[in-house]
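Welcome! Please take a moment to look over the chain below, and then let us walk through it together.

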Amino acid sequence: MPEARDRLVKPGNEAEEMFKRRRRSSGTIEIRSDESLIVNTGTASSGPSGVAARGSGRRRRNLYRYSGGENREVGRRVSRRVLPSWCPRKPLQDITTVVRAFERKRARLREMGDERLESPLPYGQFVHDPSVSSSSAPLGHNFSLITPQPTLLTKRNPPFLGKVPKILRDITDQEAGGSEFLTPEKKLLNSIDKVEKAVEEEISRLKQTPAAKKAERKAKALHKLSIQYGPSICIFLGSNPCVVASSPEIAKEFLKTHEASWSGRPQTEASDYLTYGSQDFTFAPYGPYWKFMKKVCMSELLGGRTLNLLRPVRHCEINRIVNVLFQKAKTGEAVDIGCELRRLTNNVISRMIMRVRCSEDEDEAGEVKRLNKDVSDALGKFNLSDHIWFCKNLDLQGMKKKLVKIRGRYDIMMERIIEEHRDARRRKIENGDDGDAEKDLLDILLDISEDESLEIRLSIENIKAFILDIFAVGTDTSAITTEWALAELINHPKIMEKAVQEIYSVVGKNRLVEESDIVHLPYLQAIVKETLRLHPTGPLFTRESSEDCTIANYRIPAKTRLFVNVWALGRDPKYWDNALEFKPERFIVSTEDRGSGKTQLDIRGQHFQLLPFGSGQRGCPGVSLGLLVVQTTLAAMIHPLVCVPVARLNPFPTT
Ligand code: HEM
């Protein structure tokens, strides 16, 4: 942190002067519940820079603003961007006030016996690492997996989960004792370094928030609007007209009654460029090419036969994650569950497509993972050029440059992988071996592209774009669903207990759950459905109209965007009793219920109050794969085994 150090080396030891000045001031510091600090400077108060503050003895409004190193009073024209009066004259030069304030708040909370200090953990298996802030990730970032021990249930969490407060506390501890040999400057430097590092870490974590989680926040905001204005609302995103469907009836109108008009997808600059001009599947316009790919997907690529063929790949990856968790539990190490789950789904998809794992130690695999992340980020980012017509060619956010780089890297990697596959295929043909046993999705796509009898010939761009699609939509979705399911189970120990008992009764204690067990685990299936109802990973899926149509008496022009608010549909009180409660039992149909004509709620798009995979022709073609991965992984993670089998990491040889 060279700049901070430079600031401190000033003639006349300015930092020490400031320490003294601060000690002289008799002001008290209050802390608001949102952790912002306010100085109550007493009757003859003066600000840190010696400028008198107006009024006295009251909570003061922020009257000082940082300008050219001085915290000056700004008078009546109070700027909205002002620093509070306790703020030091130069940023981060003296943080003792901040540190002391946090100390006081801690002491006050201790006096009050803050309830949060007393809260027991929900379930013995997972302990939240208090040093890490909670985030939109259902499990936060770090969870320690601990072998179930009843005593652990009483372990207490400290009041604040944020990392920065913890560091500030450490700094005060450092000040309190043991560091008397350090000069004030050294202490300050250490503190500034620590705070800066922590803030940088927090920011980079925020940046890593997957697009699916950001989408959930948007869905919540639109839900609030729909409560006020009704189930179908029209909004403008820049110059683009959009409609939002927030009730099952309206969703049905769009997705079933007028399905043909709403089977397109809106294009964005990112989707168009990364998919070689929408030559993929997800963003392809509704037409003959899309229909051909849909047929190929359902019969070949994501159909039952291919899924069976690639079952060992999934089994092996689930085995691996169970091993990792078990090893870490033995040593008491913290596990970032979200990260492990994303690694699992990345590996599953990557190995199913091209036999390459996404583990960090292999160069190529690491690049697959990084690219996947960059592509998801680019596709999920709000781009002004997509919404404001005069920004179209300006590239104000530097998006175009980023896209060119990402696609360049992707081209290089994919061309090499395709070439390797072609070589392997040639060798196989020369050896007279044309069996299906070790075919991956890329092999199947190459077979299709070489088949001259088909109505559409796939180009290399089509293949590359399709693979990019599957990575973008097939990895995070399954990982986040599993993470949410785990979070719900941790918060509902009785449901967890019931699920574990069910797994015991079907699988026993000596072997790992397999995909073939899932049909015999109805309660586990219900848990996953309930998770998808409350936490759909596609909370707001989009379509675009190809022609004018009239819905709910509103005339909607062609090229209007549709947002289906799946998040709101799953909470509609008209369809769900105690909609906010996590209750898997609502998906269990007893024999008596069946006798009285009650049927299972369908999750594949027949019931419009539950659309986690969309609906109709354009619905998700990866439902079966997604459900298999989520259900089996969840079952394997909550199933306490007597011994954990050693992962066979390579059932299929990598090319
Ligand atoms: C829990 C996991 C998953 C969820 C919640 C999910 C959800 C969705 C949703 C909501 C859509 C939009 C549907 C619509 O417009 O009606 C979609 C589309 C799609 N999904 Fe999934 N998905 C999951 C897993 C997967 C997997 C594993 C794959 C493939 C390997 C996949 C491939 C696709 C594709 C290709 C589309 C675009 C379909 C089209 O435009 O025709 N999904 N998914």
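Which residues are the closest to the ligand, and how many surround it? The closest are Gly474, Gly538, Gly614, Gly622 and Gly626, and 27 residues surround the ligand; a residue is near a molecule if its C-beta atom, placed from the backbone, lies within 6 Å of it. The elements that give two or more residues to this shell are helix H18 (460–474), H19, strand E10 (540–544) and helix H24 (623–638). Helices (H or I, at least four residues) and strands (E, at least two) are DSSP runs, numbered from the N terminus. H18 gives the most to the shell, with four residues. By kind, the shell holds eleven nonpolar, twelve polar and four charged residues; Ala, Val, Leu, Ile, Met, Phe, Trp, Tyr, Cys and Pro count as nonpolar, Asp, Glu, Lys and Arg as charged, and the others, Gly among them, as polar.

A word on reading this model: it is predicted, local features need pLDDT of at least 70, side-chain atom pairs count only at pLDDT 80 or more, and totals for chains, interfaces and linings use all residues. Residues are numbered from 1 along each chain as its sequence is written.

Now for the chain as a whole. It has 24 helices and 13 strands, and 34% of its 655 residues count as buried. A residue is buried if 20 or more other C-beta atoms lie within 10 Å of its own, exposed if 12 or fewer, and partly exposed in between, with C-beta atoms placed from the backbone. Among contacts between residues at least 6 apart in sequence, 68% join residues at least 24 apart; two residues are in contact if their C-beta atoms, placed from the backbone, lie within 7 Å.

Let us return to two glycine and cysteine positions, set side by side here.

| Residue | Loop | C-beta neighbours inside 10 Å |
|---|---|---|
| Glycine 538 | between helix H21 (522–534) and E10 | 21 |
| Cysteine 620 | between helix H23 (591–595) and H24 | 22 |

Glycine 538 touches Thr477, Val566, Pro612 and Gly614, not counting residues up to four places away in sequence. Its C-alpha atom is separated by 7.4 Å from that of phenylalanine 613, although the two are 75 residues apart along the chain. Cysteine 620 is in contact with Phe613 and Gly614, leaving aside its neighbours within four places in sequence. The UniProt annotation "binding site", from an unreviewed entry, covers Cys620; such annotations may be inferred rather than shown by experiment.

Helix H19 (residues 476–491) is worth a look too. Its 16 residues reach 22 Å from the first C-alpha to the last, close to the 22 Å expected at 1.5 Å a residue, where the expected span is 1.5 Å times one less than the number of residues. Why is H19 largely enclosed by the rest of the structure? Because 14 of its 16 residues are buried.

Finally, find the strands. E7 (residues 232–237) and E8 (residues 240–245) run antiparallel and are joined by six bridges; two strands pair if DSSP finds at least two bridges between them. They form a hairpin with two residues between them, and glycine 238 in the turn has a positive phi of about 60°. Phenylalanine 236 stands opposite proline 241 in E8. E8 also runs parallel to strand E13 (residues 561–565), with four bridges, and valine 243 stands opposite leucine 562 in E13. The buried residues of helix H8 (residues 248–257) include Phe254 and Leu255, and its buried residues pack against elements including E7, E8 and E13.
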